[in-house]
Amino acid sequence: MRLRAPAKINLTLDITGVREDGYHLISSVMQQVSLYDTVELRLNTEGSIRISSNVRYIPCDGRNICWKAAERYFQAAGLTGVGADIYIRKIIPTSAGLAGGSSDGAAVMLGLEQLTHALGPRLAEISGSVGADLPFCIKGGTCLCEGIGDILTPVFRSRSNKIHIAVAKNTRGLSTPAIYSLYDSKRREPPVPDTATNTERLVRALERGDIQAVCGCMRNALEEVSAAEKPEIMQLKREMLSLGAINAMMSGSGPSVFGIFPDEDSAKYCVRALKSRGMTAYHAYFL
Ligand code: ATP
């Protein structure tokens, strides 16, 4: 079985609190985009999980999110003596705020479900125990993600306009836990009070397919913290804006940046220009 594992971007990322166990509570409108890894999956009867990949920089053992996802699936479904051979063709930049690893893990769980039908509606809940972004990657599309990212409300998005983006990275990856703890150490103000209003505005803009209004609502509470670590993030934002983006912002905890463009040609023009400057850059659109 071959599955596509799409990246996500955060159109908003507000931090609304911290749970007693230290996990951050968020309010984030997440959007899947057409930048994919490919996951190939085959059941085996040896009961072992084996992972291989086209790249050397991701772990292919128990540290891989696909490994954890398969193990958790078999355990929750009570399947013994069954294993999985998994091949990951990696395209999505890692440690970039694009949830590439979570999306690969979600693809494994979705694939195992299609092959065995063992979990049914429990799949979404079980996936959350592998990683906070997995429930969204399982659900897909556009969602308001709250709690630690596990409480999902699907958002209707008008398909009248295809929304084109450029997504790029000009510096090495950032660790999500490290950025959250820097956020904690630097934050002096309480969380911004207009989270609900801005989210509501964004949801309405997505419903209408109003790209300008969507761009007016973009914000990310972690951007300042990540940019203090990697000033290249702000440089990349400026480059995207000067190359025609309506708005540009860091995704997740960074350091990848996405820009929303008025049309496909301008997004592709930006990607070509960034690549010619030596960056990793892709054209994609909202799924
Ligand atoms: P998020 O947006 O959810 O914070 P991210 O894009 O910042 O995610 P990932 O690319 O998912 O980060 O990878 C984070 C870490 O997970 C890396 O240290 C990487 O080595 C490890 N990892 C484990 N499995 C995978 C996988 N299948 N693909 C990519 N990275 C993986």
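Which polar backbone atom is 3.4 Å from an oxygen atom of the ligand? Some notes on that and on the pocket around it.

1. The backbone atom belongs to Ala96, at 3.4 Å from a ligand oxygen. Ala99 also puts a backbone N or O atom 3.0 Å from an oxygen atom of the ligand, and Lys8 has a polar side-chain atom 3.4 Å from a ligand oxygen. (Polar contacts here are pairs of N or O atoms within 3.5 Å; within protein, one must be able to donate a hydrogen and the other to accept it, and residues adjacent in sequence count only if both atoms are side-chain atoms.)

2. Before you read on: this is a predicted model, where local features need pLDDT of at least 70 and side-chain atom pairs count only at pLDDT 80 or more, while totals for chains, interfaces and linings use all residues. Residues are numbered from 1 along each chain as its sequence is written, and side-chain values use heavy atoms, with hydrogens and water left out.

3. The ligand has 20 residues around it, with a heavy atom within 4 Å as the cut-off. Lys90, Ser95, Gly101, Asp133 and Thr176 are the closest. Helix α2 (residues 100-116; a DSSP run of H or I, at least four residues) gives the largest share of this shell, four residues.

4. By class, the shell has seven nonpolar, eight polar and five charged residues. Nonpolar means Ala, Val, Leu, Ile, Met, Phe, Trp, Tyr, Cys and Pro; charged means Asp, Glu, Lys and Arg; the others, Gly among them, are polar.

How values were computed: Helices (H or I, at least four residues) and strands (E, at least two) are DSSP runs, numbered from the N terminus.
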